[in-house]
Amino acid sequence: MFDIGFFELLIIAVLGLVVLGPERLPGAIRSTMKTVRSIKGMASGFRQEVEQQFKVHELHENLKKAEQKDLKNLSPELQKSVDELRDAAKSVQKPYSKE
């Protein structure tokens, strides 16, 4: 994403040392790294959530196609989606079933 070489990092380090001084520079670096990690974590979480929503949408579309065919003579992809949805429904109903 950012194309920063050694020379640019050296300039940033020298400027940080001059502006912040040797006492505050380590704390500033730690807080910057903490912020960068936090942003990466949020981006990763957002990406996972979007991927999950796309999968749910794909399963929903496949279920609509399967229902249009009356759940008969389905392609392997549609059958797999229907089976996944049935398994998910069973796992959701397990805690509520009477034994």
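**Exercise 1. Find the salt bridges of this predicted model and place each one in the fold.**

Step 1. A search of the whole structure finds two salt bridges. The coordinates come from a predicted model.

Step 2. One of the contacts joins the side chains of E51 and R47, with 3.4 Å from N to O. Both residues sit in helix α1, four residues apart, so about one helical turn separates them.

Step 3. Check the exposure of this pair. E51 has a relative accessible area of 46% and is partly exposed. R47 is also partly exposed, at 44% relative accessibility.

Step 4. Another salt bridge is made by the side chains of K55 and E84, at 3.9 Å from N to O. K55 belongs to helix α1 and E84 to helix α2 (residues 76-93), so this contact ties together parts that are 29 residues apart in sequence.

Step 5. K55 is partly exposed, with a relative accessible area of 49%. For E84 the value is 30%, which again means partly exposed.

**Exercise 2. Decide whether helix α1 is straight or bent, and locate any bend.**

Step 1. Start from the secondary structure: the protein chain has two helices and zero strands. Helix α1 covers residues 6-68.

Step 2. Compare the expected span with the one in the model. A straight helix of 63 residues would span 93 Å at 1.5 Å a residue, while α1 spans only 60 Å between its end C-alpha atoms.

Step 3. Look for the bend. Helix α1 bends by about 110° at G21, and the proline P22 follows within four residues.

Step 4. Use two C-alpha pairs as further distance checks. I29 and A13 are 16 residues apart along the chain, and their C-alpha atoms are separated by 9.8 Å. R24 and G41 are 17 residues apart in sequence, with 26 Å between their C-alpha atoms.

Step 5. Add the setting of two of these residues. R24 is in helix α1 and is exposed, with a relative accessible area of 53%. I29 lies in helix α1 as well, and counts as partly exposed at 46% relative accessibility.

Step 6. Inspect what comes after the helix. Just after α1, D70 takes a positive phi of about 60°.

**Exercise 3. Sort residues of helix α1 by burial and identify a nonpolar surface patch.**

Step 1. Apply the cut-off for burial, which is under 20% relative accessible area. In α1, the residues that count as buried are G16, G21, L25, L59, N62 and A66. G21 is also the site of the bend of about 110°.

Step 2. Turn to the surface. F6, L10, V14, V18 and V19 form a nonpolar patch there, with about 550 Å² of accessible area together.

Step 3. Take L10 as an example from the patch. L10 lies in helix α1, and its 42% relative accessibility makes it partly exposed.

**Exercise 4. Compare the overall dimensions of the chain with those of a compact globule.**

Step 1. Take the reference value. A compact globule of 99 residues would have a radius of gyration near 13 Å, but this protein chain has 26 Å.

Step 2. Add the box. Along the principal axes, the C-alpha atoms fill roughly 75 × 35 × 15 Å.

Step 3. Add burial. Of the 99 residues of the protein chain, 10% count as buried.

Step 4. Add the surface. The accessible surface of the chain comes to about 9100 Å², and 62% of it belongs to carbon and sulfur atoms.

Step 5. Put the results side by side. The radius of gyration is 26 Å rather than near 13 Å, and 10% of the residues count as buried.

Definitions and conventions:
Residues are numbered from 1 along each chain as its sequence is written. This is a predicted model: local features need pLDDT of at least 70, side-chain atom pairs count only at pLDDT 80 or more; totals for chains, interfaces and linings use all residues. Side-chain values use heavy atoms; hydrogens and water are left out. Patches are made of residues with over 30% relative accessible area and no salt bridge: like charges are joined within 9 Å, nonpolar side chains (Val, Leu, Ile, Met, Phe, Trp, Tyr) within 5 Å. Accessible areas come from the Shrake-Rupley method with a 1.4 Å probe; for residues, only the protein chains shown count as cover. A salt bridge is a side-chain nitrogen of Lys or Arg within 4 Å of a carboxyl oxygen of Asp or Glu. Buried means under 20% relative accessible area, exposed over 50%, partly exposed in between (1.4 Å probe, protein chains only). The expected span of a helix is 1.5 Å times one less than its number of residues. The bend at a residue is the angle between axes fitted to the seven residues ending there and the seven starting there. The radius of gyration is taken over C-alpha atoms; the globule rule is 2.2 Å times the number of residues to the power 0.38.
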